[in-house]
Amino acid sequence: MPTDNKKTPSINYTNREYETIREDLNQIAERFYPDTFQDFSEASFGSMMLDAVAYVGDQLSFYLDYNVNESFLDTSYQFNNILRHGRIMGYKNSGRPSTYGVVALYVLVPASTTAIGPDSRYIPIIKRGTTFSSENGLNFVLTEDVNMAESTNPVVVARANPTTGAPTFYAIKSYGKVVSGFFNTETIDIEEFRRFRRIQLTEPNISEIISVFDSDGNEYFEVENLSQDTVFKRLSNSNYKNDNVPSVLKPLLVNRKFVTIFDSNGVSLQFGSGDELAGDAIAEPQSVAIEIFGKSYVTDTSFDPSTLVSNKYYGIVPQNTTLTVLYRQTNPVNSNVAANSINNVASRIVEFEDVSVLAAPSVAAVRTSIEVTNETPIAGNVSNPTSAEIKQRIYDTFPTQNRAVTQRDYENLVYRMPSNFGSIKRCSVQKDPDSQKRNLNVYVVSESPEGKLENTNNTIKENIKTWLNHYRMINDTVDILDTFIINLGINFVVKPETNANKFKVLNDCVNALAKEFSTPFFVGEPILMSKIFNILNNVPGVNDTVKVQLVNKQGSNYSNVFLSINENMSPDGDSLVCPKNAIFEIKFPQVDIKGKLR
């Protein structure tokens, strides 16, 4: 039998990009096929074939690396893939951040017939959903009803009869909580039944789903996961005047439900797999606990009440209907505003005790007299988390398991707080050294309208404390505190190369440091002096960095917190140590970073 004396070509499996693949193919063709292919010039057919095969090999190599990298959280790069890994590990993206704050509300009310105090019949209730806007066009929504008739509200004479001096109108002041954004509605036509239907909403910057109804009037409820069958619905409290509680929570079993998924593509609603014939979410009691005739055995009659609400279909999917989705969109760029910036009432939702007995002109006057302002800044976290920050939160989520034991658990829960309750930029949890018990201090900091660090307002602090109460250990006490903001500046001296443009070198040094420190520090994170030296030395045209000095910036535009640089420098002089309850910030990089040439 004839034997094949041709040697098998050696293949280098480490060559996986275009140039090396083409070089290997060229060597193989020249060595093993010298009689078949002889023209390997760039314009030849053989060269074209080598280019094509090398191109295909490079593409296959790239997508192989891509798929392998995206299969693991550590090496994943795409934002949506990181979120998918996070959902597997229990992390839920909270969507675009919102900002919470408090506004002062004013209203003019006619005087009573005796002119002693306002006419109580005309004192309104400003309802939840009333919208306001700021000077620069940002929108805010009232999150709770504000009863202007509360006895604690200050009342002053606003207008008086010029002849008799008797009061004719009284001004009443009260406070209400607001959240950034505005309401919007989207209608979606649904055709035939499809299991686990997912609906993508078209509008951007959606922070919260308010309600979902189909054309038959059925309401769909948002749940944490599709296996959840019980929600708590807020109902008006008919005994509000006696117990001063505006609403009550009622548990409700639901079989029409959805989960909200936030990713880089926007917001989508994920439904279950059941149809109208799937039945209710409530199981038949006799199939759970009652002995059924005909069985030859008796099971334990004690049972878990949650079994009564089990539903293997994970909820009913809408079909052959039209969904109406009401949601809240936050402001597209920045939802933070300075003090006294909210000054316009965009829409009024006002209620009176009995409007039928009131004069229409006076009611209209009371409605139009409502004014608003924010006495304190409204601030929160205005930027979406980066891929690196999402990864870190996922790492902290997996061991947390919906309970807070360690300090990292608490930090993770603060970052995971739903965005409609507000958001913070940085947080750190530290054990209180002065407490004999497990008292934890949660240090938080927010962003100003300009993206600079500032103290978190009380509304977000209260929301954080309420949120943590659901997860904390029973013997833990939690205090929400402001983080001390320490503003720093950098002074440096560099030696340029002989023929370098000195002005360009100096400008490039400042820009390099400004770019590096544009990302906010973490609470308690030190500044490494070696890192600053390394950045400056890598700037083109710099021969050597002679000196770097950190200075504490104070004044009207800076924080009033002072830190002794010398006393907090590490013994080897390599880092500036930051206190555990403080955070460093280079507030104005182009001004706070100064350099000289030697």
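The exercises below, each with a worked solution, concern a predicted model of a protein chain.

**Exercise 1. The chain as a whole**

State how many helices and strands the protein chain has, what share of its residues count as buried, and what share of the contacts with a separation of 6 or more joins residues 24 or more positions apart.

Solution. The secondary structure is taken up as a starting point, and it comes to 11 helices and 29 strands. The next step is burial: the protein chain has 598 residues, and 43% of them count as buried. The last step turns to contacts, where, among those in the protein chain with a separation of 6 or more, residues 24 or more positions apart account for 72%.

**Exercise 2. The length and surroundings of helix α8**

Compare the expected span of helix α8 with the distance between its end C-alpha atoms, and then describe which of its residues are buried and what covers them.

Solution. Helix α8 covers residues 458–469, which makes 12 residues, and the expected span is 1.5 Å times one less than that number. The result should be 16 Å, and since the end C-alpha atoms of α8 are 17 Å apart, the two values agree. As for burial, the residues of α8 that fall in this class are T459, I460, K461, N463, I464, W467 and L468. The elements that cover these buried residues include the strands β1 (100–110), β7 (167–180), β21 (439–447) and β23 (477–482), together with the helix α7 (407–416). A final detail belongs to the start of α8, where a side-chain oxygen of N457 comes to within 3.0 Å of the backbone nitrogen of I460.

**Exercise 3. Two further helices, α1 and α10**

Apply the span test to helix α1, list its buried residues and their packing partner, and then explain why the buried residues of α10 line one face of that helix.

Solution. For α1, residues 18–32, the 15 residues should span 21 Å at 1.5 Å a residue, and the end C-alpha atoms are 21 Å apart, which agrees. The buried residues of α1 are T20, I21, R22, N26, A29 and F32, and these pack against α2.

For α10, residues 529–537, the buried residues are M529, I532, I535 and L536. Viewed down the axis of α10, these buried residues fall within an arc of 125°, and therefore they line one face of the helix. The elements against which they pack are β24 (484–496), α9 (502–516), β25 (527–528), β26 (542–552) and β27 (575–576).

**Exercise 4. Aromatic pairs and charges over rings**

Classify the ring pairs F62–Y63 and F517–F521 from their geometry, and identify the arginines that lie over the faces of F169 and F522.

Solution. A search of the whole structure finds seven aromatic pairs. In the pair of F62 and Y63 the ring centres are 5.0 Å apart and the planes stand at 75°, so this pair is edge-to-face. In the pair of F517 and F521 the centres are 5.7 Å apart and the planes stand at 20°, so this pair is stacked.

The surroundings can then be added: F62 is partly exposed, with a relative accessible area of 49%, and Y63 is partly exposed at 46%, whereas F517 and F521 are buried. F62 and Y63 also belong, with Y66, to one aromatic cluster.

Turning to the charges, R159 lies over the face of F169 at 5.2 Å from the ring centre, and R426 lies over the face of F522 at 4.0 Å from the ring centre.

**Exercise 5. Three loop residues**

Locate T75, F196 and N320, and decide for each whether it counts as buried, partly exposed or exposed.

Solution. T75 is placed in the loop between α2 (45–70) and α3 (79–88), and at 41% relative accessibility it counts as partly exposed. Apart from its neighbours within four places in sequence, T75 is in contact with V68, N69 and K391, and a polar atom of the T75 side chain lies 2.7 Å from the backbone oxygen of N69.

F196 is found in the loop between β8 (182–190) and β9 (198–200), and at 37% relative accessibility it counts as partly exposed. N320 is in the loop between β15 (266–270) and β16 (321–329), and at 58% relative accessibility it counts as exposed.

A last step concerns the backbone. Most residues other than glycine have a negative phi. Phi of F196, however, is near 50°, a positive value, and phi of N320 is likewise positive, near 50°.

Key:
Residues numbered from 1 in each chain as written. Predicted model: local features only at pLDDT ≥ 70, side-chain atom pairs only at ≥ 80, totals over all residues. Heavy atoms only, no water. Helix = DSSP H or I, 4+ residues; strand = E, 2+ residues; numbered from the N terminus. Buried < 20%, exposed > 50% of the residue type's maximum accessible area, 1.4 Å probe, protein only. Contact = heavy atoms within 4.5 Å. Polar contact = N/O pair within 3.5 Å; in protein donor to acceptor, adjacent residues only side chain to side chain. Phe/Tyr/Trp six-rings, centres within 6.5 Å; stacked < 30°, edge-to-face > 60°. Lys NZ or Arg CZ within 6 Å of the ring centre and 35° of its normal. Arc of directions from axis to C-beta.
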